[in-house]
Amino acid sequence: MKSAIEMKAMHTRMLSPSFYVLPLGTSGGLEEDNLSSYLLASINDYIPSSTYIALDCGTIRHGIEMAIEHKSLPEDTDIDVFIRNQIKAYLISHGHLDRVSGFLLNNPNDKAEKVIVGLNETIQIIQDHYYNNKAWINFGPTGLKTYNYQILDPFSSTSVPIPGTDFDVRIFRLCHICPFLSSAFLISRRTYSSEAVLYLGDTGPDDVEKMTLPNNRTYSPGYLKQLWQAITPLIAERKLKAIFIEVSYPNGRSSNQLFGHLTPEWLLKELNVLRRYHKINNVKIIITHIKPEKNARNTIIKELNSATSLGFNFVFPTQGRGIWL
Ligand SMILES: [Zn+2]
Ligand SMILES: [Zn+2]
């Protein structure tokens, strides 16, 4: 039996925020100063930790500038020192340029012995196509050694520590135009493992993403469904604070025009699959990667908000504006 004091402490913890998110880039392309990237820190007693991890890295420097402007970081933050000392690891969902460009451009100024975290396939792209001393200098472990690679195994169901941080991570595969793989990271706090967030890179819907076998038969790998099943226990225990997931386009696209992405309709369809396992009213759904097409953002907000009454809790992040979870 837990004592009354322990119960009260647990209850206070459940109400007080656990994670601090700094959106450094929220757009799904084209805007080179606002490409997908989110910094994540843990919060203790309402104070964010000074140690961050980056979830994708399309835009880094300008995002930090915007965070200072929005007072989400202290006014006297030195951006170079912040990048060097406070961002400890870079978690990359897939190798597309819009997820790594800001990171790569800031490599020359970064501090040694940090980690790049991802699927083997993603690390391979970074190594072979960026760090090949042609497209870019080799900042990896076989070159200047600024970064080590932390390759995560999607078949493992245990989380592993991210070096230099108070976070553990587990990876899941996603389809981003089959057979190209993207991934999702489940980040949990090591000391209070009761709390976690789920971050998804680009993904198409399960019903659209099909793999082709050598005999030309197709099948659906169903990665989102597998992911939903894996996180359901966390939702049931009220441990999962948020799901970051993409909505690239407004409704009205045919499924052969999705290019490995979601629309509001497809997102709701996927979230309804998740909701069959457990209700998700307490989980914030943070919408990422909206393509900067005319009115897309407003249209997507309208299309998703019309479903809010159904028990979804959507958040539309703004570059530089901190989010408490
Ligand atoms: Zn993208
Ligand atoms: Zn992509």
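Where is the place of I151? Its place is in strand β7, residues 147-152, as the second close-up shows. This is a predicted model, in which local features need pLDDT of at least 70, side-chain atom pairs count only at pLDDT 80 or more, and totals for chains, interfaces and linings use all residues. Residues are numbered from 1 along each chain as its sequence is written, chains are lettered from A and ligands numbered from 1 in the order in which they are written, and side-chain values use heavy atoms, leaving out hydrogens and water.

**View 1. The zinc ion (ligand 1) and its protein donors.** D98 (OD), D202 (OD) and H289 (NE2) lie 2.2 to 2.7 Å from this ion. Donors here are N, O and S atoms within 2.8 Å of the metal (3.2 Å for Na, K and Ca); water is not among the atoms, so sites may look incomplete. Along the sequence, the donor residues follow the spacing D-x103-D-x86-H. D98 lies in helix α4 (residues 97-106) and H289 in the loop between β15 (284-288) and α8 (296-305), so this pair ties together parts 191 residues apart in sequence. Helices (H or I, at least four residues) and strands (E, at least two) are DSSP runs, numbered from the N terminus. H289 is buried, at 0% relative accessible area, and D98 also counts as buried, at 17%. Buried means under 20% relative accessible area, exposed over 50%, and partly exposed in between (1.4 Å probe, protein chains only).

**View 2. I151 in strand β7.** Here I151 is partly exposed, with a relative accessible area of 46%. Setting aside residues up to four places away in sequence, I151 touches G118, L119, N120 and I123; contact means heavy atoms within 4.5 Å.
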